[in-house]
Amino acid sequence: MGEPGARAALGFVRAVAVLASDAEVQVAWLSRAGAVVEELVLEFDQGHRLLPAFVDSGWIDAAAVPALAELDRQLDEMGGDHQRALWTAEALATRPEWDRVRFLARAALILLP
């Protein structure tokens, strides 16, 4: 398998944009996609693993890496069975952890192409 392509980088940017969206938009996105809350993070997680290749290819500016790492840390802190209550549509609108995700995603998004 070769290096990730521009389509993967675009998907990663889209994932950050969805994470940056208001809770109502996130819930609507999930509804249209027939998805569960965890799927908001899956494309971000896959893209974050490819971030060095995206930067090397010039698709993502290296200046965005620290902000994306901070977002990744926040999402990691929200993982695990003990945090299961965070992964509901209701939690998207009511939990401060998701407000922090949106804040961090917006900060990263302004640094992306």
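Visitor: In this predicted model, which residue forms a salt bridge with aspartate 22?
Guide: Aspartate 22 sits in the loop between helix H1 (6-20) and helix H2 (23-33), while its partner belongs to helix H7 (residues 96-109), so the pair ties together parts that are 84 residues apart in sequence. Aspartate 22 counts as partly exposed at 41% relative accessibility, and the partner is likewise classed as partly exposed, at 37%. The closest N and O atoms of the pair are 2.8 Å apart, and the residue that completes this salt bridge is arginine 106.

Visitor: How many salt bridges does the structure hold?
Guide: Besides the pair of aspartate 22 and arginine 106, there is a salt bridge between the side chains of glutamate 38 and arginine 84, and another between those of aspartate 99 and arginine 102. Salt bridges that share partners also join Glu70, Arg73 and Arg100 into one network. For the structure as a whole, the number of salt bridges is eight.

Visitor: How many residues apart are glutamate 38 and arginine 84, whose pair links distant parts of the chain?
Guide: The side chains of these two residues meet in a salt bridge with an N to O distance of 2.5 Å, and glutamate 38 is partly exposed, having a relative accessible area of 22%. Glutamate 38 is placed in the loop between H2 and helix H3 (39-49), whereas arginine 84 is in the loop between helix H5 (65-77) and helix H6 (89-94), which puts the two residues apart in sequence by 46.

Visitor: Is arginine 102 buried or exposed?
Guide: Arginine 102 meets aspartate 99 in a salt bridge at 2.9 Å, N to O, and because they are three residues apart in helix H7, about one helical turn separates them. Aspartate 99 is partly exposed, with a relative accessible area of 43%. Its partner has a relative accessible area of 5%, and arginine 102 is therefore classed as buried.

Visitor: Why do the buried residues of H5 line one face of the helix?
Guide: H5 has 13 residues and reaches 18 Å from its first C-alpha to its last, close to the 18 Å expected at 1.5 Å a residue. Its buried residues are Ala67, Leu68, Leu71, Asp72, Gln74 and Leu75, and the face turned away from this buried side carries the exposed residues Pro66, Asp76 and Glu77. Seen down the axis of H5, the buried residues line one face because they fall within an arc of 160°.

Visitor: What covers the buried residues of H5, and which residues does glutamine 74 touch?
Guide: The cover over the buried residues of H5 includes H1, H3, helix H4 (51-56) and H7. Glutamine 74 has its place in helix H5 and is buried, with a relative accessible area of 10%. Leaving aside residues up to four places away in sequence, the residues that glutamine 74 touches are Glu97, Arg100, Val101 and Leu104.

Visitor: Which residues does alanine 64 touch?
Guide: Alanine 64 is found in the loop between H4 and H5, and with a relative accessible area of 0% it is buried. Between alanine 64 and isoleucine 110, which are 46 residues apart in sequence, the C-alpha to C-alpha distance is 8.5 Å. When residues up to four places away in sequence are not counted, those touched by alanine 64 are Leu111 and Leu112.

Visitor: What separates the C-alpha atoms of threonine 88 and leucine 19 in space?
Guide: Threonine 88 lies in the loop between H5 and H6 and is partly exposed, its relative accessible area being 33%. Although threonine 88 and leucine 19 are 69 residues apart along the chain, the separation of their C-alpha atoms is 14 Å.

Visitor: What is the radius of gyration of the chain?
Guide: The secondary structure comes to seven helices and zero strands, and the globule rule gives 13 Å for 113 residues, a figure to which the chain comes close, so it is as compact as a globular protein of that length. Along its principal axes the C-alpha trace spans about 40 × 25 × 25 Å, and buried residues make up 40% of the chain. The radius of gyration of the chain is 14 Å.

Key
Residues numbered from 1 in each chain as written. Predicted model: local features only at pLDDT ≥ 70, side-chain atom pairs only at ≥ 80, totals over all residues. Heavy atoms only, no water. Salt bridge = Lys/Arg side-chain N within 4 Å of Asp/Glu carboxyl O. Helix = DSSP H or I, 4+ residues; strand = E, 2+ residues; numbered from the N terminus. Buried < 20%, exposed > 50% of the residue type's maximum accessible area, 1.4 Å probe, protein only. Expected span 1.5 Å × (residues − 1). Arc of directions from axis to C-beta. Contact = heavy atoms within 4.5 Å. Rg over C-alpha atoms; globule rule 2.2 N^0.38 Å.
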